[in-house]
Amino acid sequence: MTATETPTLMVFAISHYCEKARWALDRLGIAYKVRTLPAGVHVAVLRRAGALRSTVPALVLSDGTVVQGSSEIIDWAEAEAAAGRGNGTALTPLARGVDGAAIERRIGEVAATNVRRWYYSDALFEAPGQVRSLFMRDLQGPERVLMRLGWPALRRLMIVGLKLDHAGGRAAHRVLDAELDWLDGLLAGGETFSDPASGALTRLDITAAALIAPLVLPVHHPVYGDMPRTKQVAADLDAWAERPIVRWCHEIYANARHTDQFSAAA
């Protein structure tokens, strides 16, 4: 792939789904440019790019094709790597008999969606300015001003659209407890996730680590390493801190994520 063919990955800096896509692209050595979008305005930007949905991550290829969704982007990246358009790295296959697609889907549809509801149900009420700062991260010039001016309306839309309140946040917390139990069990089985020290990752390693990272705040995460904590968020993180899957996530980020290159902003 030549420089003129380098695709553009459209993201929110705060998004754990975007981190999943970025990590896979970085791990496989697929060149890309990053464009961080202002939330709300992103819908129009994605529409102009030809995206069919209003969600990020979205990878815009040189021929105008848009690959949308973190799992779909990993599918594309794996195909590129297999065709020799990467750094020669491949994601390690899972043990035979493991239904990786089903596990990836559950992490994305259950754990990750409840991570979002858990966090915003507290932070958007208790620390909206801190959340705004995360949404403004990596935005440039006028887009930073636009995000600042549009924040009150965006915050209201998120609260209404995601049905956020304290009770919902506690319900999401209970779901996350159960999902972390499940992930702890998968980790204990030894056939699903890699040894963090080995450096050979599966796509489930990237999926699980990236999508639960807001529950871990690993220091080598490109955004969450310095993420502010509200009182409730801090208490929940402390309660989860000694879980095997949480410790594993810290180790994966320490031993693998920081060695992968982050592509520059477009």
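The legends below describe close-up views of a predicted model.

**View 1. The four-stranded sheet and its edges.**
In this predicted model, four strands form an open sheet with mixed pairing, and their order across the sheet is β2-β1-β3-β4. Strands β2 (33–36) and β4 (66–68) stand at the edges, and because each has a single partner strand, one side of each is left without a neighbour in the sheet. Direction ignored, neighbouring strands of this sheet are turned by 25° against each other on average. In general, the strands of a sheet pair through backbone hydrogen bonds, either parallel or antiparallel.

**View 2. The pairing of β1 with β2, and the crossover that joins them.**
Strand β1, which covers residues 8–11, pairs with β2 in the parallel sense over four bridges. Among the residues that take part, T8 has K33 of β2 as its bridge partner, and V11 has T36 of β2 as its bridge partner. Between β1 and β2 the chain passes through helix α1 (residues 16–28), and this β-α-β crossover is right-handed.

**View 3. The two faces of strand β2, with T36.**
In a regular strand the side chains alternate between the two faces of the sheet. Such alternation is found along β2, where V34 and T36 point to one face and are buried, while K33 and R35 point to the other and are not buried. For T36, which lies in strand β2, the relative accessibility is 9%, so this residue counts as buried. Leaving aside its neighbours within four places in sequence, T36 is in contact with V11 and A13, and also with R137, D138, L139 and E143.

**View 4. Helices α2 and α3 against the sheet.**
Helix α2 (residues 42–49) lies across β1, β2, β3 (58–60) and β4, and runs at about 155° to β1. Helix α3, made of residues 70–82, also packs on the sheet, where it touches β1, β3 and β4, and its direction makes about 125° with that of β4.

**View 5. H16 in helix α1 and its surroundings.**
H16 has its place in helix α1, and its relative accessible area is 5%, so H16 is buried. The side chain of H16 reaches the backbone oxygen of A112 at 3.0 Å. Leaving aside its neighbours within four places in sequence, H16 is in contact with A112 and V115, with A210 and L211, and with P214 and Y224.

**View 6. Helix α7 from its start to the residue that follows it.**
Helix α7 (residues 166–189) has 24 residues and reaches 35 Å from its first C-alpha to its last, which is close to the 34 Å expected at 1.5 Å a residue. At the start of α7, a side-chain oxygen of D165 comes to within 3.3 Å of the backbone nitrogen of A167. The buried residues of this helix include G168, G169, A172, H173, L176, L180 and L183, and also W182 and D184. An α-helix has 3.6 residues a turn, so residues three or four places apart point the same way. What covers the buried residues of α7 includes α4 (100–126), α8 (203–212), α9 (231–240) and α10 (244–255). After α7 comes G190, whose phi is positive, near 80°.

**View 7. S133 and P228, two residues separated in sequence.**
S133 is found in helix α5, which covers residues 128–136, and with a relative accessible area of 45% this residue is partly exposed. Although S133 and P228 are 95 residues apart in sequence, the distance between them in space is 9.8 Å, taken from C-alpha to C-alpha.

**View 8. Backbone geometry in three loops.**
Most residues other than glycine have a negative phi, and most peptide bonds are trans. The peptide bond from V56 to P57, however, is cis, with omega near 10°, and P57 has its place in the loop between α2 and β3. K163, which is not a glycine, has a positive phi of about 55°, and it lies in the loop between α6 (142–161) and α7. At 63% relative accessibility, K163 counts as exposed. L217 likewise has a positive phi of about 55° although it is not a glycine, and its place is in the loop between α8 and α9. At 7% relative accessibility, L217 counts as buried.

Terms used: Residues numbered from 1 in each chain as written. Predicted model: local features only at pLDDT ≥ 70, side-chain atom pairs only at ≥ 80, totals over all residues. Heavy atoms only, no water. Pairing = 2+ DSSP bridges. Axes fitted to C-alpha atoms, helices over the stretch in contact; angles between N-to-C directions. Contact = heavy atoms within 4.5 Å. Buried < 20%, exposed > 50% of the residue type's maximum accessible area, 1.4 Å probe, protein only. Right-handed = clockwise from strand over helix to strand, strands pointing away. Expected span 1.5 Å × (residues − 1). Polar contact = N/O pair within 3.5 Å; in protein donor to acceptor, adjacent residues only side chain to side chain.
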